[in-house]
Amino acid sequence: MANSAVKSVFAPGLFKSRVAIVTGGGTGIGQAISRELAHLGCSVVIASRKADRLAAAAEKLAVDCREGARVHHTVCNIRQEADVQRLVSETLDKFGRLDFLVNNGGGQFVCPASDMKLKGWNAVIETNLTGTFLCIREAHRQWMKRNGGSIVNIVMDAYKGWPMFAHSAAARSAVENLSKTLAVEWASDRIRINCVAPGIIYSETAVANYGEQGREVFLRSKARVPARRFGHVEEISAAVAFLCSPAAGYVTGQTLYVDGAVSLYRTQFFDVPEFEPAEGWYWEESSKAKL
Ligand SMILES: CCCCCCCCC/C=C/C(=O)SCCNC(=O)CCNC(=O)[C@H](O)C(C)(C)COP(=O)(O)OP(=O)(O)OC[C@H]1O[C@@H](n2cnc3c(N)ncnc32)[C@H](O)[C@@H]1OP(=O)(O)O
Ligand SMILES: NC(=O)C1=CN([C@@H]2O[C@H](COP(=O)(O)OP(=O)(O)OC[C@H]3O[C@@H](n4cnc5c(N)ncnc54)[C@H](OP(=O)(O)O)[C@@H]3O)[C@@H](O)[C@H]2O)C=CC1
């Protein structure tokens with residue numbers, strides 16, 4: 001068996017005998033999260049729409065498993081309620097428990113808001129918001145209500161909005177708000193729920209999602225990141241591992257930005273075009289801005 005390349009800063013066996021679902025666990029950020037959890041002893045169920053990618057990732061993940069961890073992969077479109085119900089029941093049948101739910105599956109396309117078709121808007125809202133809700137609800141109904149657990153939602157840097165990503169920014173902000181609500185509503189069920197907001201994280205699949213412009217857009221955006229580099233998928237998985245760990249036992253309802261400070265800097269990718277500004281409101285000519 002080949003050696004695992006996973007290096008974690010967390011203690012070996014930290015998640016021994018634990019079980020996680022990671023949606024979108026076959027690619028990019030989700031794959032790194034799955035690998036680090038497995039490396040720390042957690043059995044992992046990876047779930048998304050494309051069976052071939054899942055199978056390849058599961059094979060790779062098997063190499064990363066430590067401390068008795070096992071991997072299972074299953075096709076699930078998180079937009080489909082029945083798929084999500086089956087994902088959770090299959091996890092329980094297979095591994096007998098569910099400690100962590102990582103809602104990582106999601107995405108969007110670049111589009112000015114006024115050009116967006118309803119179908120495209122709905123696709124992104126149903127994936128990022130409704131799909132996340134369905135996974136959370138099923139995890140709660142089928143296991144966490146009685147047994148507690150930790151939920152981590154991967155969102156995005158929507159702090160200042162995100163021009164050209166109106167659908168996704170709205171959905172991710174809604175997920176953050178949902179997380180705050182459930183942190184309180186389900187505190188007595190011993191469930192913690194937090195979000196991780198990645199900045200611009202490099203992965204082959206993330207770049208490929210934006211087609212021919214993907215590479216160029218990623219490269220152009222680097223100058224707008226105070227850290228002057230892209231994030232690595234491992235920097236997101238470490239944040240997720242922390243939030244799942246007992247060390248985060250008092251952290252709930254929060255969003256951890258892992259973004260090289262981009263959320264505090266300039267709005268990514270978008271410059272306001274030149275235009276004739278509005279007159280504005282003033283009482284008399286003398287107070288009108290002269291500069
Ligand atoms: C400037 C900022 C740079 C920013 C670039 C840099 C970004 C850095 C930060 C990175 C953030 C990331 O999240 S990177 C991770 C990216 N990964 C992903 O997004 C993977 C998952 N994404 C997807 O599966 C898709 O994008 C998603 C739309 C969500 C679901 O697609 P589906 O095919 O399943 O959806 P369907 O139900 O078939 O509906 C598709 C409809 O969506 C609309 N649609 C889909 N693609 C479209 C497109 N390119 N332009 C217009 N409209 C589109 C059309 O109306 C489609 O219908 P028709 O009209 O009938 O065709
Ligand atoms: N990379 C970045 O810079 C950033 C990423 N994010 C978010 O992080 C998450 C991971 O992205 P990243 O790894 O970069 O990109 P990827 O494109 O590699 O990951 C997206 C994953 O989501 C899965 N997915 C998409 N739609 C569904 C669905 N309906 N049901 C189940 N699974 C689905 C995909 O699998 P499949 O196609 O098989 O369904 C894929 O594995 C996404 O939510 C993304 O939007 C947020 C901010 C920045």
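Around ligand 2 in this predicted model, the shell comprises 30 residues, and those that come nearest are G24, G28, G105, G106 and T205. Three helices each give two or more residues to this shell, namely helix 1 (28–39), helix 4 and helix 6 (204–208). Helix 1 gives the most, with 3 residues. Sorted by class, the surroundings of ligand 2 hold 17 polar residues, together with 9 nonpolar and 4 charged ones.

Ligand 1 has its own shell of 20 residues, of which G107, F109, G120, A123 and A206 come nearest. The elements that supply two or more residues here are helix 4 (118–147) and helix 7 (214–221). Helix 4 provides the largest share, 5 residues. In terms of class, the shell around ligand 1 is made up of 12 nonpolar, 6 polar and 2 charged residues. Helix 4 is thus worth following a little further, since its name appears in the descriptions of both shells: among the elements listed for ligand 2 and among those listed for ligand 1.

A further partner of helix 4 is helix 5 (residues 166–185). Two packed helices are described by the angle between their axes and by the distance between those axes. For helix 4 and helix 5, the angle is about 15° and the axes lie 8 Å apart. Because angles under 35 degrees count as roughly parallel, helix 4 is roughly parallel to helix 5. The crossing of the two helices is right-handed. By class, the contact between them has 11 nonpolar, 4 polar and 1 charged residues. On the side of helix 4, the residues involved are W121, V124, I125, N128, L129, T132, F133 and I136, and they meet H167, S168, A171, R172, A174, V175, L178 and L182 of helix 5.

Attention can also be turned to R79, a residue placed in the loop between strand 3 (71–75) and helix 3 (81–95). R79 counts as partly exposed because 18 C-beta neighbours lie inside 10 Å, a number below the 20 or more that would make a residue buried. Apart from its neighbours within four places in sequence, R79 is in contact with E126, T127, T130 and G131. The C-alpha atom of R79 is also separated by 7.9 Å from that of L134, although the two residues are 55 apart along the chain.

Note on methods. Residues are numbered from 1 along each chain as its sequence is written. Chains are lettered from A and ligands numbered from 1 in the order in which they are written. This is a predicted model: local features need pLDDT of at least 70, side-chain atom pairs count only at pLDDT 80 or more; totals for chains, interfaces and linings use all residues. A residue is near a molecule or strand if its C-beta atom, placed from the backbone, lies within 6 Å of it. Helices (H or I, at least four residues) and strands (E, at least two) are DSSP runs, numbered from the N terminus. Ala, Val, Leu, Ile, Met, Phe, Trp, Tyr, Cys and Pro count as nonpolar, Asp, Glu, Lys and Arg as charged, and the others, Gly among them, as polar. A residue is buried if 20 or more other C-beta atoms lie within 10 Å of its own, exposed if 12 or fewer, and partly exposed in between; C-beta atoms are placed from the backbone. Two residues are in contact if their C-beta atoms, placed from the backbone, lie within 7 Å. Axes are lines fitted to C-alpha atoms, for helices over the stretch in contact, and angles run from 0 to 180 degrees between N-to-C directions. Angles under 35 degrees count as roughly parallel, over 145 as roughly antiparallel, 65 to 115 as roughly perpendicular and the rest as oblique. A crossing is left-handed if the near helix is turned anticlockwise from the far one by less than a right angle, and right-handed if clockwise.
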